[in-house]
Amino acid sequence: MKQRTFFPLAIGLVVFFSWLAFVPDAEAVQIKRVVRGIANFDTDDVAQEATLRDSAGNAVAVDQTKSIILTSAVGDAANDQNQFFTADFAGDDTISMDRGGGTGISTCVWQVVEFSSGVSVQRGLAVVNSTTKSKSITISGITIAKSVPVILTRGGFNSQTVTDQITFNPTFMDSTHLKLDRSDNGSGKVVSVVWQVVQFNTD
């Protein structure tokens, strides 16, 4: 019997926006729009792009410095390489989604949240090699008490028995360093991490 895996985007949204309640001056943050969509991956698909469109179907461009991307996945393939997606901007009106391998059908649900004011976002891609359990990433200076990290991961994991090796705990070491930690690295797999650091600024 095929195994069905679901990583609920709703949980990420609840955690992220609940966090706003604890950020000083969070009442100054305004959401400009949320753009969402679904990308269906066939068995051998590993990458897709999606154009951002409003409810009328018109293409829209966002300010990447004020926007974050959130994803979740559902599928029938019993391995993590098909279910873990990274997503990043390919342009102001386009996002690209990637997974670590294409051996099963999967669906990536994505949302782009653009803020109109009070927020600044920086992002990047980190490659964690097979022997590394902890990685430090240099970022532009932030106020830690007003910032939150958001990460998305992918890797060529052909099972669901070592999920702890493709999932990371992001924390701030200091105002210019983001730290990624995982509990194990015994499978010898490289993991790609798309990271986003969101700072909620004071008006």
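This is a short dialogue on reading a sheet in a predicted model.

Reader: Happy to be here! Where should I start: which strands form the open sheet, and in what order?

Author: Good place to begin. The open sheet has three strands in the order β3-β6-β5, and the pairing is antiparallel. Here β3 and β5 stand at the edges with a single partner strand each, so one side of each has no neighbour in the sheet. From one strand to the next, the twist averages 25 degrees.

Reader: How many bridges link β3 and β6?

Author: Strand β3, residues 47-51, pairs with β6 over five bridges in the antiparallel sense. To find the register in the viewer, pick out Ala 47, whose bridge partner in β6 is Asp 98. Then look at Gln 48, which stands opposite Met 97 of β6.

Reader: And on the β5 side, what joins β5 to β6?

Author: A hairpin does, through two residues. Strand β5 covers residues 85-91 and pairs with β6 in the antiparallel sense over six bridges. A handy marker there is Phe 85, with Arg 99 as its bridge partner in β6.

Reader: What should I expect of side chains along a strand?

Author: The general idea is that side chains in a regular strand alternate between the two faces of the sheet.

Reader: Then is β6 largely enclosed or largely open?

Author: Count a residue as buried when its relative accessible area is under 20%. Of the six residues in β6 (residues 94-99), five are buried, so the rest of the structure largely encloses this strand.

Notes
Residues are numbered from 1 along each chain as its sequence is written. This is a predicted model: local features need pLDDT of at least 70, side-chain atom pairs count only at pLDDT 80 or more; totals for chains, interfaces and linings use all residues. Side-chain values use heavy atoms; hydrogens and water are left out. Buried means under 20% relative accessible area, exposed over 50%, partly exposed in between (1.4 Å probe, protein chains only). Helices (H or I, at least four residues) and strands (E, at least two) are DSSP runs, numbered from the N terminus. Two strands pair if DSSP finds at least two bridges between them. Axes are lines fitted to C-alpha atoms, for helices over the stretch in contact, and angles run from 0 to 180 degrees between N-to-C directions.
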